[in-house]
Amino acid sequence: MTKRYSVIVVGGGHAGCEAALASARMGVDTLLITMKKDAIGYTSCNPAIGGIGKGQLVKEVDALGGEMARAADKSCIQYRMLNRSKGYAARSSRMQIDRQRYNDHMSDKIFSQNCLDVIEDEAVSVMSSGGECRGITGASGTCYTAACVVITAGTYMNGTMHIGLEQFPGGRMGESPSKGLSESLASLGFRMGKLKTGTPARLDGRTINFDGLESQPGDHPVIPFSFSTLSVGLPQLECYITRTSSRTHSIIRSSLDRSPLYSGKIRARGVRYCPAIEDKVVRFPERDSHLVFLEPEGLNTRDFYPNGVSTSLPVDVQKDMYRSIRGLEKVEMVKPAYGIEYDYADPTQLSHALEAKHISGLFLAGQVNGTTGYEEAASLGLMAGINAARKARGESQVVLNRPRAYIGVLIDDLVTKGTTEPYRMFTSRVEYRILVREDNAPERLSDLGFDLGLVDRVTVERVRAKQEKVLRARAALESVKVSAAGSMPEFLREREISLGEGGVSLANVLRRPDISYDDIARACPGLEELSYYEKVSLEVDIKYTGYIEREKARIKKMASLDRITIPEGFDYLSVQGLSNEIREKLDKVRPVSLSQAARISGVTPAAISILMVRLSSDSAGKRGAAI
C-alpha cells in the first residue's frame, strides 16, 4: 500500500500530462502512473502540433491553462498558418516541432510540478466498490488509492503491432502494452472495441537527395501558439515535398497478400482521414501519385518523417517502396513503419465531464475514448484532469458547450454520437466556428482558466487589454469618414469604391471582402498598430457582423432545448410513438437534455417532439401529485 491520493492519472502521454498538470496545479494531491518515465509527453507519430481544426484545440488548451501550446512554442522549428484563403473561421496554426525538445519541456514540467508524484508502474486494474472508483492496482502488486482516477492509456491497452504478417504485443515501437487494464474496464461494464492506427518509417536524412525536391518553407513571422509566449527562438527549418510514383503503387499492389490490412490480420477500423499508403492505392486506383511531405524531426537529428506514407507492409517491401519515391532512391530507414491495433471504450458511456456514468470518480481521456491525435488527447486530458480535481474537492463539474469551444464539440460528439473509427477534429464539425476561432480562444476561455486556478492574473489582464484595444480601433474606424470631396485615399480609387454624397466610414470600407486593416492603416497613417490576432478580431467583428448575429440567434434557440432537462433514470423504452431503434439509441446514450437528444444520430425532430410531450406530461403529473 502507498499513500492515498486525491487524483490518480494513468498514462504519461499528451492526455495524461495535461490531466496530471491540471489536477496538481489546482492544488490537488495527484499521482501520475506511467510505464516509462523517460517517455512522458513523447510525440510518437508525426513531429507536429496543430493543423486544421487541431490548432483551435491547442489554442483552447492554452487559454484554459494547459501546457501543450507552450511546449510547441519552445520546440517550434517551422510554423504555418493553414487555410489562409478560406476565411478566418477555418484558419488553423500548425508547427513542426523538435521532437526531443518537446519531450524535454513536458517532462521538466511534470517532474517539477508541486502536488504531483510520478511512479513507474503498469496499471493493471481499477479498484471499485459500490459503483465508486477506489484507485488502481499496479503490476508491481501495489494498490494506489484515490477518490478519482483518470485513465489515459493511449494505444497501450491490449496493443498489437503489425509489420507485414508478423504481429507482436506493443503500445508503440520498443514499448510493452498494457495487458490487464482493458479487461478490468470490461469487467466493470464498459463496452470495449478495437481501433487501428499507424505510422510511417523514420528516414535517415543523410541518405535523402533533396536536389530537385520542392521546398516548403514556413511562414514568417512565427505566431506563437500560447498567448503567454512573446517570441519563438529556435531556428526555422524547411520541409520538402515529393510524390509516390507508378512504381511505388506497383510495389504496393504486388505485396497486398503480405499486408495485414488486406490479409485479414488487422480487423479494426483505422483513421479515415489519414489512411495507410496501401489503402490509398487500393481505394484510389485512378491516382498516379500521392503527396509525400518530408518533415524534419529536430535540430540535432537527421531523421525525417515521411508524412503521407504510413504503412504496415513488411520491412523489405517498405524499403523498396520508399526507394521508388523521388529523392529517396538511396534512402535508409532508421525505424520501420508499423500498424497498431488497440482497445478503446465506447465514449457514450461517459458524461460530458468525461466521467463514467456507472462508476463514480472514474474518468477516461484520449485515445481510450476513440480519438486520434495529440491535440484531441490533450484537450480531453485537460478537461478530465480539471473535473477529477473538482470532484475530489466536492465541487461541481466543468462542461464546455458547443457554442463556446472546439473542446465542447469534441466532447459532445464523442459522448452523444460515439465513434466506431478514430475521431479527428475538423473545422467542419463546428457549427458555430465564426464565433469560436483561434484568435479569440483567450477571450472565450481565459477567465474560466483563471477561476480554476490554471491561468495567472497577468495573462487575463493581457487578454482584457487586447479586447479594449480592438474596441478602441473599431471606434476609430467608425468615427473617421472619407468622401469624394475630401482627400479620398488612393487605394479606394484603385478599387473603384463608391463613397456616396455623404462619404463612408472606414469601418464600412473594411466590411468589403477585399479590404484589410493593413490596407486602411497604410492609407491612413495614425491608426493604432495592431498585432495579428488583434487585426483578425477587429476584421471579423466588422466584416461578419450579420453572420455573428445569426449564429447568436441560433445559439439562443438551441439553449431553449438545453433548458429542458431529462431526469436521471428516465425510461426511454416506455415512450410510446418512438421506433425501437430510436428508443435503443436514447437508452444507450441517456442524454441529459432535449438538445443532446436531438444531436444523437438517427433521432428525428418528430422523436424530439414526442419526448418533449412526454417530459411535459411527466412534469405536470408531478406538480399535480405535489398539490
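**Exercise 1.** Does tyrosine 544 count as buried, partly exposed or exposed, and at what relative accessibility?

*Solution.* The model is predicted: local features need pLDDT of at least 70, side-chain atom pairs count only at pLDDT 80 or more, and totals for chains, interfaces and linings use all residues. Residues are numbered from 1 along each chain as its sequence is written, and side-chain values use heavy atoms, with hydrogens and water left out. Buried means under 20% relative accessible area, exposed over 50%, and partly exposed in between (1.4 Å probe, protein chains only). Tyrosine 544 has 23% relative accessibility, so this residue counts as partly exposed.

**Exercise 2.** Classify two of the aromatic pairs in the structure, which holds 6.

*Solution.* Rings of Phe, Tyr and Trp (its six-membered ring) pair if their centres lie within 6.5 Å; planes under 30 degrees apart count as stacked, over 60 as edge-to-face and the rest as tilted. For tyrosine 544 and tyrosine 547, the centres are 5.9 Å apart and the planes at 55°, so this pair is tilted. For phenylalanine 570 and tyrosine 572, the values are 5.0 Å and 70°, so the pair is edge-to-face. Both phenylalanine 570 and tyrosine 572 are buried.

**Exercise 3.** Which arginine has its charged end over the ring of tyrosine 547?

*Solution.* The criterion is NZ of Lys or CZ of Arg within 6 Å of the ring centre and within 35 degrees of the ring normal. Arginine 550 meets it over tyrosine 547, at 4.9 Å from the ring centre. Arginine 462 likewise lies over the face of phenylalanine 227, 4.5 Å from the ring centre.
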